[in-house]
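Visitor: I'm new to this one, so please take me up close to the charged pairs, and show me what surrounds them.

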Amino acid sequence: MVEIYVSTDVEVDGPIPGPHSMLSFGSAAFLADKTLLSTFSANLDQLPNACGHPDTMAWWDKHPKAWESCRRDRQDPARAMTAYVGWLDSLPGKPVFVGYPAAFDFMFIYWYLIRFVGRSPFSFSAVDIKTMAMVVLNLEYRVCTKRNMPERWFDDAPHTHVALDDAIEQGKLFCNILAETGR
């Protein structure tokens, strides 16, 4: 079965799920050749008894357009995550989570999937774009930021801090790095 690379970005109000909420998430399903198959996004209601972390909320204060975007048309997390699993299950292959940084984005997505649906179509694993760059560029991990990656890896895609826009941007980045590896 072909792998479908599901580039995912989350917008949150704190550093960990539970005490803090995932406000919005977007996923873009790509084939390895950078064909965009489908997208999914949802803005979520905040978790009961959760609150925004002061540092994160200070960041949001500097990005009011992104904040406004992720607070429109909010959905109940259980409803949104159930629809998300349905979308993942409908993809024509095995979904592979892709993130930048994967550890952060996957932590929220996985927590919400288990909490509200009881399963993760991704299992327990995720591909980290920054780690891929580290290997391909033969650089130390902390040096492998987007500003230090080759321009040829970037398509003309906006980074807006709107989850779906950023998921598409990083999905294209992932596919470009993957192509450079000969896969």
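Guide: Let's start with Glu68 and Arg72, which form a salt bridge with their closest N and O atoms 3.8 Å apart. (A salt bridge here is a side-chain nitrogen of Lys or Arg within 4 Å of a carboxyl oxygen of Asp or Glu.) By that rule, the count comes to five salt bridges. Keep in mind that this is a predicted model: local features need pLDDT of at least 70, side-chain atom pairs count only at 80 or more, and totals for chains, interfaces and linings use all residues. Numbering runs from 1 along each chain as its sequence is written, and side-chain values use heavy atoms, leaving out hydrogens and water.

Arg72 is partly exposed, at 44% relative accessibility (buried is under 20% relative accessible area, exposed over 50%, partly exposed in between, with a 1.4 Å probe and protein chains only).

Now look at Asp89 and Arg119. Their salt bridge brings the closest N and O atoms to 2.3 Å apart. Asp89 lies in helix α3, while Arg119 sits in the loop between α4 and β6 (126–128), so the pair ties together parts that are 30 residues apart in sequence. (Helices, H or I, at least four residues, and strands, E, at least two, are DSSP runs numbered from the N terminus.) Both ends are partly exposed: Asp89 has a relative accessible area of 44%, and Arg119 comes in at 37%.

The pair of Glu180 and Arg152 also links distant parts of the chain: Glu180 belongs to helix α6 (residues 163–180), and Arg152 to the loop between α5 and α6, 28 residues apart. Their side chains meet in a salt bridge at 2.8 Å, N to O. Here Glu180 is partly exposed at 36%, whereas Arg152 is exposed at 56%.

Since helix α3 came up with Asp89, let's follow that helix inward. The largest nonpolar core has 26 residues, and those with the most contacts inside it are Val6, Met22, Phe25, Tyr84, Trp87, Ile109 and Phe122. (Such a core is a set of buried Ala, Val, Leu, Ile, Met, Phe, Trp, Tyr and Cys residues joined through side-chain atoms within 4.5 Å.) Elements giving two or more residues to this core are β1 (3–12), β2 (22–30), β3 (36–44), α3 (77–90) and α4 (102–116). Helix α3 gives the most, with six residues.

Besides that core, a second, separate one of 18 residues includes Val98, Ala133, Met149 and Cys175. Back in the first core, pick out Ile109: leaving aside residues up to four places away in sequence, Ile109 touches Thr8, Val10, Met22, Phe25, Met81, Tyr84, Phe97 and Phe122 (contact means heavy atoms within 4.5 Å).

Helix α4 has something to show just before it, too. Pro101 is in the loop between β5 (94–99) and α4, and a cis peptide bond with omega of about -5° joins Tyr100 and Pro101. Two other loops also deserve a look. Lys34, in the loop between β2 and β3, has a positive phi of about 80° although it is not a glycine. Asn49, in the loop between β3 and α1 (54–61), has a positive phi as well, near 65°. Lys34 is partly exposed at 29%, while Asn49 is exposed at 82%. These stand out because most residues other than glycine have a negative phi, and most peptide bonds are trans.
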